[in-house]
Structures are given as structure tokens and as C-alpha cells.
Amino acid sequence: MDRIGFIKKVIKVLSIIIAAFLVILIIAFIGHVVKINKFNATERLVTADSTTTEAMVDIHPRGGVTDTWEKENTGLGYKLNAKIYELVVTNNSQTLMEDWRLKINIHDTCYLNNGWCGSFEIHQFDENGTEKTQTVDLRNYNVSDLTGIDYSMGGQDLLIPLKSGDYIVYIPDASGVSGEVPLKGSLDFSGMVVCGFIVYNRAGNLDLSDYEFNYRLHVSYWSGAEGGFYMVSFLGLALIMLLLAVVFFMTVQFEERFILQGKIVEEALGVVCNLSDSKDYYSKEHSVRCAKYSRMIAEKLGMDKSDCDTVYYAALLHNIGNYYIPEQILRKTGKITTEEYSIVKTHTTKGAEFLRDVQHIPHAQEAALYHHERYDGTGYPLGKKGDEIPLIARIIAVADAYDAMSIDRPYRKKLTRDQIREEFIKNRGTQFDPLIVGEFLDIMGERNL
Ligand SMILES: [Fe+2]
């Protein structure tokens, strides 16, 4: 039982430590989340003049033999030269590029014709500064939908006029198919995406070097050394808490079984001691009360729970020897003879004999044999004195005397509380162990006995 108590204490202490660690961990993790959220929400900018290598943009003609051509039927009265441009975005960071936009400022008169895989946000300004704008997926549109911007058709080809001061914004494909957004980091060996678009103009060359690349990086709460630490810590704590819960559950179950077994033992012993008490000359249930007082003394002496239980069980059986004493002697209301008294005294040795083979109630035999010994050596059956008398017997002697004095007997009324205290004080060091008397007097005061 003490081990169960110890285990429960250990579980309690560990639970407090884990709870404290969990609180600290949660507070630290909240700080980590705030930091990551701030990092993820930060808008970053790269221009052609930037020196950062975290994200890089390169816009250049694709340069293939068939990637440049001349167009006659422009509907403009003059021919145009077409060119396919590649737009290369590289994510050199080791984290995900969650989102990005590329604004290209136009410095030459030209005509945007096609683009892939994302969409283009067109911004056209007239001489008064009035803006026309529309976002178009140039590979999947209806001409009738182009209501927000100026355009013309050169045969089957769409021509969206742009001039110096206008700008276009490439909006990457977010379907996940092209891998444009989110754009993986360099650790994935795929931190680059190539987009394409076709532009016409008269000269066949365009200045597309003026751009603004906006992007946001994304770090998972659980990535990196710090994130890994939190993940391992939370998982570890969860595992430890689960283990503690299992151990606690098993301990409680064991404790319940232990308590049940204790009650069964107690009831069984109660039946046995009632057999002897039923023959007793002054009361029934004397042994149960005596055992209860003995346990109070044991607790007061600071014994652990297991020893207190032992004291209780041993005290329950201390008068078992009465079973062998004739009832006419035990129930005699008049003064008993010397011969009868010598028979009564044998309940100690008879009881010890009866309990000889009891092994799992330590000191039960000693309790039966010595509980009528007196501290000054004038008791029976062996006339032991002082510390020669086992502690269990010295305890029961006090408890036994208290019960005898606190109930009515056939030949006298019970003593008052003060009279009992006086008797104990008078007989401390002679009949009773003075230390135990002192403790019991305290118990009487504390428990209002
Ligand atoms: Fe006795």
C-alpha cells in the first residue's frame, strides 16, 4: 500500500513537472508561432538592381530558331516582329515561396500577345493618366470578355497595346500543376520555374529589365531545428503523459483491489474476533474498538500506513484467546476467584498459540501474548517490562485500558473523560508506556474522545 502511495506521489510530482514544462513549452511555442507568422507575412521585393540572391528573376528572349518571327497582317498598317521571352524565377531560399508577383514596367511601344502558365494583369494609361486594367489568362480567354482594356486583332492574333508608362503584372498559376506557386525552395532541387510570353513590336527588341518582384516565403512551424525541437518536445510530452496516465490507471485499479482485499480481510477478522468478544465479560465489539484506538496511536507515532494496518489487524486478534476461556468465568458479574483469574490470564498464551502460524499479520502473536504485560514488569504472563514488551503490546495495552474504562461494566459505570485521563497519568510508567500514554492523551484531546 505504501508503494502504491509512493507511485501515486511520483506520478503527481511528475505530472506537476510535466505540466510546468508544458506551460513553458506552450509559451515558447506561441513566441515561435508569432515569429514564424511575421516571417511568413513579410512582403519581400527584388528589382533588377537588387543584390540579393535569395530570389532571382531573369527575363530574356528564348532564342530558339522558331522563337522569333515576322508578322505581316497586324491590322496596324505596318509589320511587327514577334519574340518569345522566358521569365525565370529562382527561389534560392531553403523555404517555400508561398506567393509571388512580377511587375514589368514597359519602356517601348509593343503588343502583348500570349503568355503562360499564369495570367497577366494589364495596366494601360492614356495621355490623361486614366488607367485601364484587366487580368487576362492569355491562353484561355474570350475576346468578348476583354472589356477593361484596349486591344486589336491581327488576324487570329490578339494584340494588347502597351507603351512607356504602362505595366503588366505576371500572376503565377496557382493551380499547383505548373509548380509556380508555391515555389519550392532550393533544398528541393526544384526552386526554379520558367514562364513564357510573346510580345510584338516593330523593332523586334524590347527593354524588359525594369521589374519589381514581390514575394513571400513560407516556413512551417515544425520545420528547421527550432520546429523540430517543438515537435519532438510535444510528442515526447504526449508520450510521457500517456504513460503516466496508464500507470496511474493501473495503480488506481490495483489500489481499489487492494482496498477491497483489505476490507475482506477486515471483515473476516472481525467475524473471528467477535467470536471471542461474544464471550467477553464486559462488552461486544471490544476488539474492534481496541483496534481502532491502536491504529490512532500507531498513526500518532508516525508509523506508515502499512504498519498502521498491521497494528489494526493484530489488535483485532489480541483477545482471540478468550475463545478458550469458559463463558461462566468471562461473564461472571461478581468478583472472580484467584483460580478463575489464573484461567482468564491464559487467554494470552492460548491466543499466542492460536496465532502461531499467522505469518502475514506481523506481531499478531506478540499482541496476544504480551498485551497484559505492565511497563513496570508486574503484568502477565511473563512479567516483561519496559522495552522488553513489544511495541504492539504496549500500544494495545493503552487502547485496551481506554476501552475498558470508557464503557459501562456490570460492576461499575464507565469513567468520565477526566477520570480516564487521571488514570492514565497515574499509571504512566507503571502500567503503561509513558510515551504511548502521552500520545494517547493528545489523541483524546484532538479527537475529543
Ligand atoms: Fe485481554
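**A quick tour: iron, rings and a few odd bonds**

At 4% relative accessibility, Asn319 counts as buried. That's a handy place to start, since Asn319 is one of the residues that coordinate the iron ion. Keep in mind that you're looking at a predicted model. Beyond the metal site, there are 24 aromatic pairs to explore, plus a few backbone spots worth a look.

**The iron site**

- Four atoms hold the iron ion: OD1 of Asn319 and the NE2 atoms of His347, His371 and His372, at 2.2 to 2.4 Å.
- Along the sequence, these donor residues follow the spacing N-x27-H-x23-H-H.
- Asn319 sits in the loop between helix H4 (305–316) and helix H5 (327–330), while His371 sits in the loop between helix H7 (364–370) and helix H8 (391–405), so the two tie together parts that are 52 residues apart in sequence.
- The angles between the 4 donor atoms run from 84 to 165°, so the arrangement counts as irregular.
- Like Asn319, which is buried, His371 is tucked away: its relative accessible area is 2%, so it counts as buried too.

**Aromatic rings**

- Among the 24 aromatic pairs is the one made by Trp100 and Tyr170, with ring centres 5.8 Å apart and planes at 25°, so this pair is stacked.
- The pair bridges distant parts of the chain, with Trp100 in strand S5 (residues 96–105) and Tyr170 in strand S11 (residues 167–171), 70 residues apart.
- Both Trp100 and Tyr170 are buried.
- Trp100 and Tyr170 also belong to one aromatic cluster, together with Tyr85, Phe120, Phe197, Phe213 and Tyr215.

**Charges over rings**

- Arg44 lies over the face of Phe39, at 4.4 Å from the ring centre.
- Arg202 places its charged end over the ring of Tyr78, 3.9 Å from the centre.

**Backbone oddities**

- Most residues other than glycine have a negative phi, and most peptide bonds are trans.
- Trp116 and Cys117 are joined by a cis peptide bond, with omega about 10°; Cys117 is in the loop between strand S6 (110–116) and strand S7 (119–125).
- Another cis bond runs from Tyr380 to Pro381, with omega near 10°, and Pro381 is in the loop between H7 and H8.
- His363 has a positive phi, near 70°; you'll find His363 in the loop between helix H6 (338–354) and H7, and at 44% relative accessibility it counts as partly exposed.
- Asn448 isn't a glycine either, yet its phi is positive at about 55°; Asn448 sits in the segment after helix H10 (434–447) and, at 61% relative accessibility, counts as exposed.

How values were computed. Residues are numbered from 1 along each chain as its sequence is written. This is a predicted model: local features need pLDDT of at least 70, side-chain atom pairs count only at pLDDT 80 or more; totals for chains, interfaces and linings use all residues. Side-chain values use heavy atoms; hydrogens and water are left out. Donors are N, O and S atoms within 2.8 Å of the metal (3.2 Å for Na, K and Ca); water is not among the atoms, so sites may look incomplete. Four donors count as tetrahedral if all angles lie between 85 and 135 degrees; four count as square planar and six as octahedral if opposite donors are over 155 degrees apart and all others between 65 and 115; anything else is irregular. Helices (H or I, at least four residues) and strands (E, at least two) are DSSP runs, numbered from the N terminus. Buried means under 20% relative accessible area, exposed over 50%, partly exposed in between (1.4 Å probe, protein chains only). Rings of Phe, Tyr and Trp (its six-membered ring) pair if their centres lie within 6.5 Å; planes under 30 degrees apart count as stacked, over 60 as edge-to-face and the rest as tilted. A charge sits over a ring if NZ of Lys or CZ of Arg is within 6 Å of the ring centre and within 35 degrees of the ring normal.
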